[in-house]
Amino acid sequence: MIYQDRIYGSAEITEPVLLDLLSSAALQRLHAVLQHGVSALIGITRDTSRFEHSMGVMLLVRRLGASLGEQIAALLHDVSHTAFSHVIDYVFDGHETQAYHEEHKLSYVSTTDIPAILQCHGYHWLDFMQEDHFPLLEQEIPHLCADRLDYFLRDARDLGLAPGNEIARTLAHIHNHQGRMLVDDLEVARWLGYTFIEADKASWANFREVGLYELAARAIRRGLQIGVLVEADLWGTDRPAWGKLQACDDPELQENLVRVHPATRFTWDEVNPTFWVSTKLRSIDPQVNLAGQILTLSQLDPAFQQHRQAYLARNRGKWPMRVEQQPGKKTT
């Protein structure tokens with residue numbers, strides 16, 4: 001299989017286990033699950049799929065010399081994302097952790113074709129479910145890892161924050177050091193640290209996108225309450241579930257759904273908010289290897305440490321949001 005990735009270029013996949021996993025129903029479902037949930041559905045963000053990201057993470061650990069086992073874990077790391085991705089965390093009040101897919105990973109994967117595929121190749125599926133066993137793939141925030149780096153590079157490029165030459169320069173200075181991802185250039189580490197925060201402000205914790213997620217979550221929650229949606233819909237894909245919501249004439253559901261629209265605007269209003277909502281804040285503090293000495297960017301650059309701490313302190317907690325402008329028709 002020759003796979004063309006918009007970040008890493010062309011890659012040839014020959015390993016039978018990877019090829020079989022890529023053709024599995026569980027992985028194929030991710031083609032129709034959007035990374036950005038509703039903001040991608042309504043055209044605000046690029047329609048990057050969970051499949052594209054999962055494939056990208058696998059290719060990233062692969063180019064860093066990861067074992068086949070870690071490549072399998074990387075490919076499967078997001079397989080348990082529901083329809084609408086992190087919007088579902090808002091549905092079930094997981095705004096700040098955004099871990100619904102991780103909490104339900106074992107129960108979901110056990111129902112898919114993945115265990116049988118892995119068994120055919122001599123593996124046990126549970127060996128790939130604990131991501132902390134694969135340090136290139138996953139690290140606790142604020143460390144750099146393949147999952148975090150891949151979604152950052154894709155989104156930063158789409159947001160105009162990362163031109164192609166900057167992405168190439170960054171990848172050239174990312175290395176596998178004893179199973180962990182390190183940067184070997186201080187300026188590249190600075191670019192990563194500062195630009196990651198800019199991407200968080202522009203998209204992942206963007207004020208408007210958080211507001212749209214909350215409105216969509218309220219519509220989805222109402223849909224579940226009245227039976228328009230059932231749990232199986234959440235483990236399907238975005239557009240069929242979205243269509244069910246749009247076709248419902250429940251006034252409470254539609255009051256929120258109609259406002260999930262590019263024309264909707266939100267303002268900070270502590271006196272008369274439509275709702276208060278919090279979100280997960282994302283930032284990184286990459287480890288830098290300079291002449292064999294490994295330190296975090298914050299240790300090497302106190303100005304970055306202050307910048308990162310100020311960003312997190314300024315945005316923690318619940319935000320008072322008022323819906324300022326409401327479109328007059330359903331979303332399409």
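## Exercises on a predicted model

Of the 332 residues of the protein chain, 58% count as buried (under 20% relative accessible area with a 1.4 Å probe, protein chains only; exposed is over 50%, partly exposed in between). This is a predicted model, where local features need pLDDT of at least 70, side-chain atom pairs count only at pLDDT 80 or more, and totals for chains, interfaces and linings use all residues. Residues are numbered from 1 along each chain as its sequence is written, and side-chain values use heavy atoms, leaving out hydrogens and water.

**Exercise 1.** Find which residues touch the most other members of the largest nonpolar core.

*Solution.* Start with the term: such a core is a set of buried Ala, Val, Leu, Ile, Met, Phe, Trp, Tyr and Cys residues joined through side-chain atoms within 4.5 Å. The largest one holds 104 residues, and Phe84, Phe152 and Leu192 touch the most other members. Next, look around Phe84: leaving aside residues up to four places away in sequence, Phe84 touches Gly37, Val38, Leu41, Ile220, Asp238, Ala241 and Trp242 (contact means heavy atoms within 4.5 Å).

**Exercise 2.** Work out what surrounds the buried Arg282.

*Solution.* First, locate Arg282 in the loop between strand 6 (275–277) and strand 7 (287–290); strands are DSSP runs of E, at least two residues, numbered from the N terminus. Then check charges: Arg282 has no salt bridge, and the nearest side chain of opposite charge, Asp200, is 4.8 Å away. A salt bridge needs a side-chain nitrogen of Lys or Arg within 4 Å of a carboxyl oxygen of Asp or Glu. Finally, list neighbours: beyond four places in sequence, the residues that Arg282 touches include His86, Gln98, Tyr151 and Trp204.

Note on methods. Lys and Arg count as positive and Asp and Glu as negative; His and the chain ends are not counted.
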